[in-house]
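This briefing introduces parts of a predicted model. Please look over the sequence and the structure before reading the points that follow.

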Amino acid sequence: MKLKNLVKTGVALSGLILASVMTVGGVSADQQSLTLAQVSEGFSAERTYQQSCAACHNSGAAGAPVFGNSEDWSARAEKGKETLYQNTINGYNNIMPPKGMCFTCSDDELKAVVDYVLAESVE
C-alpha cells in the first residue's frame with residue numbers, strides 16, 4: 001500500500017474512531033440540545049476552525065487543502081459555496097468525515113467556518 005493511501009486511511013479511521021467514542025456515551029436528547037446551545041451561543045468560526053479543522057487543513061494531511069493557500073482553495077471555490085458547504089456537512093471522498101471534526105456544529109455553524117476559511121484563503 002502506498003504511503004499516501006496509508007495516511008488517508010489512517011486519517012479517515014481516526015475520525016471514525018473519534019466519532020464512535022463521542023457517540024457511545026448515550027447522551028440524552030436534552031443533554032445534546034444543551035451542548036448545541038452552548039456551542040451556538042459563543043460560536044466563533046475562527047476558534048472552531050482551530051479546534052476542529054486545523055489539524056488537517058494546516059498541514060495538508062490526507063490531501064486536505066491548506067488553510068491560507070490560495071491555489072488549494074481557488075479551484076474548490078469555483079465549484080461554489082453550496083458544494084463546499086455540502087462537502088463539509090456530509091463529508092468528502094471518504095476521507096473527511098461528515099462535519100469534519102466538529103460533531104456538535106450545526107449546519108449553519110459549519111457554513112460559517114467554510115466562509116471563514118474561504119475569506120482567509122482565496123485571493
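In helix H6, which covers residues 81–90, the buried residues are Leu 84, Tyr 85, Thr 88 and Ile 89. When H6 is viewed down its axis, these buried residues fall within an arc of 130°, so they line one face of the helix.

**Helix H6 and its surroundings**
- The buried residues of H6 pack against two helices, H5 (70–78) and H7 (107–121).
- After H6 comes Gly 91, a residue whose phi is positive, near 90°.

**Thr 88 in H6**
- Thr 88, which is found in helix H6, has a relative accessible area of 16% and counts as buried because the cut-off for that term is under 20%.
- Apart from neighbours within four places in sequence, Thr 88 is in contact with Met 96, Pro 97, Pro 98, Lys 99 and Gly 100, and also with Leu 110 and Val 114, two residues that are among the buried residues of H7.

**Helix H7**
- The 15 residues of H7 should span 21 Å at 1.5 Å a residue, and this agrees with its end C-alpha atoms, which are 21 Å apart.
- The buried residues of H7 are Glu 109, Leu 110, Val 113, Val 114, Tyr 116, Val 117, Leu 118 and Ser 121.

**Ser 121 in H7**
- Ser 121, which lies in helix H7, is buried with a relative accessible area of 3%.
- If residues up to four places away in sequence are not counted, Ser 121 touches Phe 67, Gly 68, Asn 69, Ser 70 and Trp 73.

How values were computed:
Residues are numbered from 1 along each chain as its sequence is written. This is a predicted model: local features need pLDDT of at least 70, side-chain atom pairs count only at pLDDT 80 or more; totals for chains, interfaces and linings use all residues. Side-chain values use heavy atoms; hydrogens and water are left out. Buried means under 20% relative accessible area, exposed over 50%, partly exposed in between (1.4 Å probe, protein chains only). Helices (H or I, at least four residues) and strands (E, at least two) are DSSP runs, numbered from the N terminus. The arc is that of the directions from the helix axis to the C-beta atoms. Contact means heavy atoms within 4.5 Å. The expected span of a helix is 1.5 Å times one less than its number of residues.
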